[in-house]
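Trainee: I'd like a close look at a single part of this model, please. Walk me through it slowly and spell out the cut-offs.

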Amino acid sequence: MALGVMALLGFHLVDSVFVARLGTLPLAAQSFTFPLAFLVIGVQVGVGIAIAALISRAIGAERYEDANRLGALVLAGGGALLGLLAVVLWLIQGPVFTLLGASAEVQAMIRPYWALQLPAMWVGGVVYFGYSLFRAHGDTRFPGLMMVLTSLLNLVLDPLLIFGVGDWQGLGLPGAAVATLLAFSIGGLLLIWALRGKGWVQRQGMLEQVRVSALPFLHIAGPAMISQLMPPLAAMLATALVARNGEQAVAAWGMASRLESFSIVLVLGMTMALPPWLGRCYGRRDWDTVQQLMKVGAIMVIGWQTLLGLLLAVSAVPLANLLVETAPVQGYLSVLIRCMPPSFGLLGVCMLVVSACNALGWPMRAMLMSFLRLFLCYLPLLWLGFQLGGFGGLALGAAFGNLMAGVMAWMVYQQALATAINS
């Protein structure tokens with residue numbers, strides 16, 4: 001899963017690197033869409049968490065027909081929900097981008113890109129739900145391979161569609177969205193082929209399953225989606241704060257966000273691979289295995305992310321020069337790379353704990369931790385750092401917010417586990 005997530009996030013990082021070659025304004029335009037894109041991803045991941053948890057618990061309790069009917073529900077209901085969200089985001093784009101600080105010139109550049117990126121995100125979301133079925137049934141290899149394949153397709157299509165070939169000049173910024181749409185569509189066709197004959201999508205009795213599973217689903221999905229929607233809200237507020245330094249700072253912030261997602265690939269892979277396993281342990285009340293899994297996961301995350309973060313910080317200037325061409329954007333980006341990646345170890349612990357809490361039947365704790373991480377630790381320190389030290393202070397504030405969040409999340413998890421063991 002880590003390799004697959006690395007490929008998928010490399011997919012988005014490659015988009016930004018190619019778009020950066022078009023200039024600062026196209027990169028800023030793409031960066032202004034990231035908070036809304038994270039909103040779609042938040043709903044998508046929240047639904048995926050709930051379904052993976054319910055299916056893995058059903059399998060752990062040997063209720064296989066329930067698990068198969070839940071597979072049909074996630075594809076139908078999740079697809080409809082994401083489609084509705086995409087329509088709403090298209091209708092409200094003007095006032096939202098204005099609030100984020102996008103100029104009229106940048107918004108004119110965003111509109112044709114956003115018209116193609118929204119359908120691409122919908123297709124990607126439905127495909128993600130299909131991957132959730134495989135993960136819930138214990139197969140992480142197929143989703144990982146598919147993420148690698150779609151990433152490679154995007155890597156090939158991006159330069160062709162953005163810059164063109166021969167006499168054709170390409171589509172510019174909208175070409176990145178077309179490449180994403182084509183790559184996800186091919187992945188969707190292969191997913192349909194892979195699901196044939198497995199019996200994991202059982203439509204018969206689906207309405208009855210809705211009645212039985214609606215409350216358990218809402219119990220997990222509601223808090224999980226709220227937890228996943230908090231980061232986009234925080235990203236909007238952070239983007240608005242960064243925009244005070246101008247569009248070059250926003251471009252650097254957008255690139256840093258892509259790099260952050262790519263650098264925490266191990267964490268994201270574990271947040272996808274561990275919940276089905278933890279869900280089965282929950283079904284058997286096997287708390288000893290839960291303890292072992294979480295301890296090993298935390299050690300891996302802290303060790304790897306701290307080492308990687310220090311390497312990135314040391315190579316901040318050459319890396320920034322490699323990723324973007326404009327000197328002011330390079331300056332802003334090097335500051336972000338130098339300050340933030342060393343804190344991703346404890347940020348990863350927080351993310352791991354939130355994912356585990358959703359799988360272990362503690363969705364309200366997961367939601368509480370997401371809220372505290374963003375609105376008690378991250379955003380206040382981001383704002384305080386900006387007030388005290390400008391853009392550099394902002395980067396340091398974000399880093400200290402990540403460190404505080406990791407310590408807090410592990411304490412909450414230990415308390416919840418002790419309560420569960422003694423009950």
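Mentor: Happily! In this predicted model, the lining of the second largest cavity divides into 7 nonpolar residues, no polar ones and 1 charged one. Here Ala, Val, Leu, Ile, Met, Phe, Trp, Tyr, Cys and Pro count as nonpolar, Asp, Glu, Lys and Arg as charged, and the others, Gly among them, as polar. The charged residue is Glu-260; with it in the lining stand Ala-256, Leu-259, Leu-336, Ile-337, Met-340, Pro-341 and Phe-344. Two elements each give two or more residues to this lining: helix 9 (247-263) and helix 13 (327-339). Of these, helix 9 supplies the largest share, 3 residues. A helix is a DSSP run of H or I with at least four residues, numbered from the N terminus.

Now the space itself: the second largest cavity holds about 70 Å³, and the model has 4 cavities of 30 Å³ or more. A cavity is a set of points, on a 1 Å grid over the protein atoms alone, where a 1.4 Å probe fits but cannot get out; a lining residue has an atom within 4 Å of a point. Points are joined across faces, edges and corners, and the volume is the space filled by probe spheres set on them.

Two notes on reading all this. Residues are numbered from 1 along each chain as its sequence is written, and side-chain values use heavy atoms, with hydrogens and water left out. Local features need pLDDT of at least 70 and side-chain atom pairs count only at pLDDT 80 or more, while totals for chains, interfaces and linings use all residues.

Technical notes:
On a 1 Å grid over the protein atoms alone, a cavity is a set of points where a 1.4 Å probe fits but cannot get out, and a pocket is an open set with protein on both sides within 12 Å along at least five of seven lines; lining residues have an atom within 4 Å of a point.
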